[in-house]
Amino acid sequence: MAQTAKEPRSVTFATDPPLAQRLFATSEFAWLWMIARIWLGYQWFISGSGKLGNPGWMDTGAALKGYWTNAAAIPATGRPPIVFDWYRDFIKFLLDSGSYVWFAKLIAVGEVLIGVALIIGAFVGIAAFLGSLMNWNFMMAGSASTNPMLFAVA
């Protein structure tokens with residue numbers, strides 16, 4: 001039986017739209033991304049450095065315990081800050097296990113490190129991802145504040 005040669009597969013490449021190519025694949029708008037990166041880094045650094053000197057964050061974790069307690073509470077009137085039951089259960093688990101003591105330190109130090117990394121331009125993708133993850137968790141816990149804007153910039 002004679003073997004037939006396999007037909008070569010045609011490969012199709014999808015290209016980004018011209019505007020996306022100009023914004024993200026050239027150095028033409030690098031100045032814009034640098035401004036956004038430094039501004040975002042500054043926001044993280046200021047937020048974290050304020051927590052580093054606070055005993056409620058660095059010693060007892062009481063600040064985070066209070067935040068989580070309020071976020072997980074279901075008020076008699078109105079909607080709770082955490083609207084997803086699975087996330088409320090997760091926060092309650094962290095409260096019950098006393099994780100707020102070490103988690104508060106992790107948040108404070110993490111915010112400072114994310115800020116420093118973004119400001120100096122080191123590990124920018126990783127820092128932006130971790131900052132987005134922290135913002136997402138803050139939003140899930142019912143804290144709007146500046147988190148949606150910081151999430152979008154990251």
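The following paragraphs lead through a predicted model, from its confidence to the packing of one helix and then to three individual residues.

The mean pLDDT of the chain is 88, and 95% of the residues reach at least 70. Confidence varies between the elements: helix α6 (residues 100–120) has the highest mean pLDDT, 96, whereas helix α8 (residues 147–153) has the lowest, 72. Where pLDDT is low, the predicted coordinates should not be read in detail.

Helix α4 (residues 62–72) offers a starting point for the packing, with Leu64, Trp68, Ala71 and Ala72 buried. These four residues lie on the same side of α4, because they cover an arc of only 90° around the axis. An α-helix has 3.6 residues a turn, so residues three or four places apart point the same way. The partners of the buried residues of α4 are α3 (55–58), α5 (85–96) and α6; the last of these is also the element with the highest mean pLDDT.

The pairing of α4 with α5 can be described in more detail. Their axes come within 10 Å and cross at roughly 145°, and the crossing is left-handed. On the α4 side, the residues in contact are Lys65, Trp68, Thr69 and Ala72; they meet Arg88, Ile91, Lys92, Leu94 and Leu95 of α5. By class, this contact comprises five nonpolar, one polar and three charged residues. Trp68 and Ala72 thus appear both among the buried residues of α4 and in its contact with α5.

The loop between α4 and α5 contains Val83. With a relative accessibility of 42%, Val83 is classed as partly exposed, because this value falls between the limits of 20% for buried and 50% for exposed residues. Val83 and Ile119 are 36 residues apart along the chain, and their C-alpha atoms are separated by 34 Å.

Ile38, in helix α2 (residues 30–52), is likewise partly exposed, at a relative accessible area of 34%. A distance of 33 Å separates its C-alpha atom from that of Thr69, which lies 31 residues away along the chain. Thr69 is one of the α4 residues that meet α5.

Further along, Phe123 occupies the loop between α6 and α7 (124–140). Its relative accessibility of 63% is over 50%, and Phe123 therefore counts as exposed. The backbone of Phe123 also has a phi near 55°, a positive value in a residue other than glycine.

Note on methods
Residues numbered from 1 in each chain as written. Predicted model: local features only at pLDDT ≥ 70, side-chain atom pairs only at ≥ 80, totals over all residues. Heavy atoms only, no water. Helix = DSSP H or I, 4+ residues; strand = E, 2+ residues; numbered from the N terminus. Buried < 20%, exposed > 50% of the residue type's maximum accessible area, 1.4 Å probe, protein only. pLDDT = per-residue confidence, 0-100. Arc of directions from axis to C-beta. Contact = heavy atoms within 4.5 Å. Axes fitted to C-alpha atoms, helices over the stretch in contact; angles between N-to-C directions. Left-handed = near helix turned anticlockwise from the far one by under 90°. Nonpolar A, V, L, I, M, F, W, Y, C, P; charged D, E, K, R; others polar.
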